[in-house]
Amino acid sequence: MLNVELVTKWIEWLTVIGVAVVTVIRPIMSSFTKITENLTKMTHSLDLLNRDLQASKDDRTSIHEELVKHDERLDRHNDRLIEHSEQIKTLYKERNN
């Protein structure tokens, strides 16, 4: 026949093991849940940062394009100033002769 004390001891040990497992697993699962939530938040933040970075890159590209246009305009103005300066010199020479 089954020994009642032996069965009781087995039940006690299984209960202790079960409680220990639950006591250890619950905090670990809680930590994993928190880590997962934090990773989700970080992923969202990275997505926002990437979008801002792309917008900044687009702005920078358009600024550089504008700068090129301004440089071209300044070059044209400079060429015209040189031409005018040469014309003034020629007129001044003609006037003095």
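How far apart along helix α1 are Lys89 and Glu86, counted in residues and in helical turns? Because Lys89 and Glu86 are three residues apart in helix α1, about one helical turn separates them. Their side chains meet in a salt bridge, with an N to O distance of 3.9 Å. Keep in mind as you browse that this is a predicted model. Helix α1 covers residues 4-96, and the notes below walk through its salt bridges, a charged patch and the annotated spans.

**Salt bridges**

- Searching the whole structure turns up two salt bridges.
- One of them joins the side chains of Glu66 and Lys69, at 3.8 Å from N to O.
- Glu66 and Lys69 both belong to helix α1, where three residues, or about one turn of the helix, lie between their positions.
- Glu66 has a relative accessibility of 39%, so this residue counts as partly exposed.
- Its partner Lys69 is likewise partly exposed, with a relative accessible area of 48%.
- The other bridge links Lys89 with Glu86.
- Lys89 has a relative accessible area of 46%, which puts this residue in the partly exposed class.
- Glu86 is partly exposed too, at a relative accessible area of 42%.

**Negative surface patch**

- Five acidic residues, Asp71, Glu72, Asp75, Asp79 and Glu83, form a negative surface patch.
- One of these patch members, Asp71, is part of helix α1.
- Is Asp71 buried, exposed or partly exposed? Asp71 is partly exposed, because its relative accessible area of 46% falls between the 20% and 50% limits.

**Coiled-coil annotation**

- UniProt lists a "coiled-coil region" at residues 67-94, and the entry is unreviewed.
- In the model, that span is 100% helix and 0% strand.
- The C-alpha atoms at the two ends of residues 67-94 are 40 Å apart.

**Transmembrane annotation**

- An unreviewed UniProt entry also places a "transmembrane region" at residues 6-25.
- Residues 6-25 are modelled as 100% helix and 0% strand.
- From end to end, the C-alpha atoms of this span lie 28 Å apart.

**Arg26 and His44**

- Arg26 is another residue found in helix α1.
- With a relative accessible area of 61%, Arg26 is above the 50% cut-off and therefore counts as exposed.
- What separates Arg26 from His44 in sequence and in space? The two are 18 residues apart in sequence, and their C-alpha atoms are 27 Å apart in space.

How values were computed:
Residues numbered from 1 in each chain as written. Predicted model: local features only at pLDDT ≥ 70, side-chain atom pairs only at ≥ 80, totals over all residues. Heavy atoms only, no water. Patch = residues over 30% accessible without salt bridge, like charges linked within 9 Å, V, L, I, M, F, W, Y side chains within 5 Å. Areas by Shrake-Rupley, 256 points an atom, 1.4 Å probe, with all protein chains shown as cover. Salt bridge = Lys/Arg side-chain N within 4 Å of Asp/Glu carboxyl O. Lys, Arg positive; Asp, Glu negative; His and termini not counted. Charge placed at Lys NZ, Arg CZ, Asp CG, Glu CD. Helix = DSSP H or I, 4+ residues; strand = E, 2+ residues; numbered from the N terminus. Buried < 20%, exposed > 50% of the residue type's maximum accessible area, 1.4 Å probe, protein only. UniProt positions renumbered as here; feature names shortened; annotations may be inferred.
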